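Me: I'd like a close look at one thing here: the empty space. Please take me through it slowly, and explain the terms as you go.

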Amino acid sequence: MRTAVALFTRDLRVRDQAALATAAREAGRVVPLFVLDDELLRRNCGSPNRLSFLLDCLRDLDRSLRERGGRLVLRHGDPVEEALGVAGECGAGAIHLSDDYSAYARRRRERLEREGAAAGVRVHAHPGVTVVEPGELLPAGGDHYRVFTPYWRVWSEAPRAEAHRAPRELALPPGIRVARIPALDRLTSRSPSPDLARGGETAARRRLERWLRNGLAGYEESHDDLASADGTSHLSADLHFGCLAPASVLARVGGRPGGAAFARQLCWRDFHHQVLAARPDIPRADYRGHGDRWRRSRRLAEAWREGRTGYPIVDAGMRQLAREGFMHNRARMIVASFLTKTLYIDWRTGADHFARLLVDADVASNVGNWQWVAGTGNDTRPNRVLNPLRQAARFDPEGEYVRRHLPELAGVPGGAVHEPWRLEVGQRRKLDYPDPVVDHEEATVRFRSFRESGGG
């Protein structure tokens, strides 16, 4: 009886999972394998928020596999060595995994293919991390789309692959060692954010169903509304860890009110992946450089990280991030613009902080969005600056979002909460809240002069 390994990476589901479905179809015995990768644990991917969410995902995946007669086999170490070791242990002739597009993921796949061939093990990489795979849609004379709108047009018309059904039954080869999923404190001494969401395919499917019932129809009108806690789907971490297949989510929203606006967000995710696939250096290098000589100020960077800049809409976003491991998308744009253009601090500082705390900190989207806001990426208006006060007035007019995340300002009425420095001196002294670290208007003039002069 043939045996195959289904190597899970960030595709932690049983439904519409091409690697698992193909392994089950082609082999009588399947080893569902996940490797706790030492290299990724040493990087920001070892953040307590993502680790906590990941362990939830693994426990839920194991339950789903048990229901089908299988188990999740866990190993710890180098993923290539461990996958080939398991294949050799159980006599597997093939390893199936989902393809991925970061430089690290690409090296991992290439090495697995090379060393697998030497060991007589076939390696098959399957689509599934994106709706449309990078490289499928190409502009005339180019290796990727550099501007979103033309990509959106062709992406919207691209054919969709059929979903893969979850295997009904699975059988492990006899004698395979399963191993126990570790507790979080075995992997990190740091604690996760207190209001972190629960991970796993089961929780993700519940979130999706709730979103389809209660949120999708109003998405186009409310997705930028900071006051509405349910204005966005909260599915980003589920997509990052592959608890939901993006193509399956797209199929569920298609044809529904609000579906086209939400599909556009899925397209943005694919857009950033195809940029990363073509430019694997962008996690550290500017996509389009401007000669920026970024300001180096530990004081200002720390005020931004701690949510103590004196601009409540900025600080509310940063406090939400610290507490939930999540931030509203509009708030992400505001805090990123503030760091890179108001404070003129390197976008890498912000991307690194997000990578430490965000559960959904996908390399492609995190770096792509930071570079977009900083004006070093794919934005066609690289020098635009988001005014935090105007953004607050437009997207949080009554200050509900600010008061939700800044309890020290809970007693400030209405929209006045966005400019506490204008309160009377006696009122201001009662607030445990700092004055603005910079004057936004002056900072904007300074930023534009920097850019016009080539960074300095």
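Reply: Here's a walk through the open space, followed by the enclosed space.

A quick heads-up: this is a predicted model, where local features need pLDDT of at least 70, side-chain atom pairs count only at pLDDT 80 or more, and totals for chains, interfaces and linings use all residues. Residues are numbered from 1 along each chain as its sequence is written, and side-chain values use heavy atoms, with hydrogens and water left out.

How do you look for nothing? Rolling a probe the size of a water molecule over the atoms shows where empty space is left. On a 1 Å grid over the protein atoms alone, a pocket is an open set of points with protein on both sides within 12 Å along at least five of seven lines, while a cavity is a set where a 1.4 Å probe fits but cannot get out. A residue counts as lining either one if it has an atom within 4 Å of a point. Points are joined across faces, edges and corners, and the volume is the space filled by probe spheres set on them.

Let's start with the largest pocket, which holds about 1,200 Å³ of space. Its lining is made of 43 residues, and Gln265, Trp268, Asn329, Met333 and Asn369 are the closest to its centre. Helices H6 (148-157), H9 (236-240), H11 (259-278), H14 and H16 each give two or more residues to that lining. H11 gives the most, with 7. (Helices are DSSP runs of H or I with at least four residues, numbered from the N terminus.)

What's the wall like chemically? The pocket lining divides into 18 nonpolar, 16 polar and 9 charged residues. Here Ala, Val, Leu, Ile, Met, Phe, Trp, Tyr, Cys and Pro count as nonpolar, Asp, Glu, Lys and Arg as charged, and the others, Gly among them, as polar.

Now for the enclosed space. The whole structure has 3 cavities of 30 Å³ or more, and the largest has a volume of about 50 Å³. Around that one sit Met333, Ser337, Lys341, Trp372, Val373, Asp379, Arg384 and Leu386. Two or more of the lining residues come from each of helix H14 (329-342) and helix H16 (363-374), with H14 giving the most, 3 residues. By class, this lining has 4 nonpolar, 1 polar and 3 charged residues.

Put the two lists side by side and you'll find Met333 lining both the largest pocket and the largest cavity. H14 and H16 turn up in both linings too.
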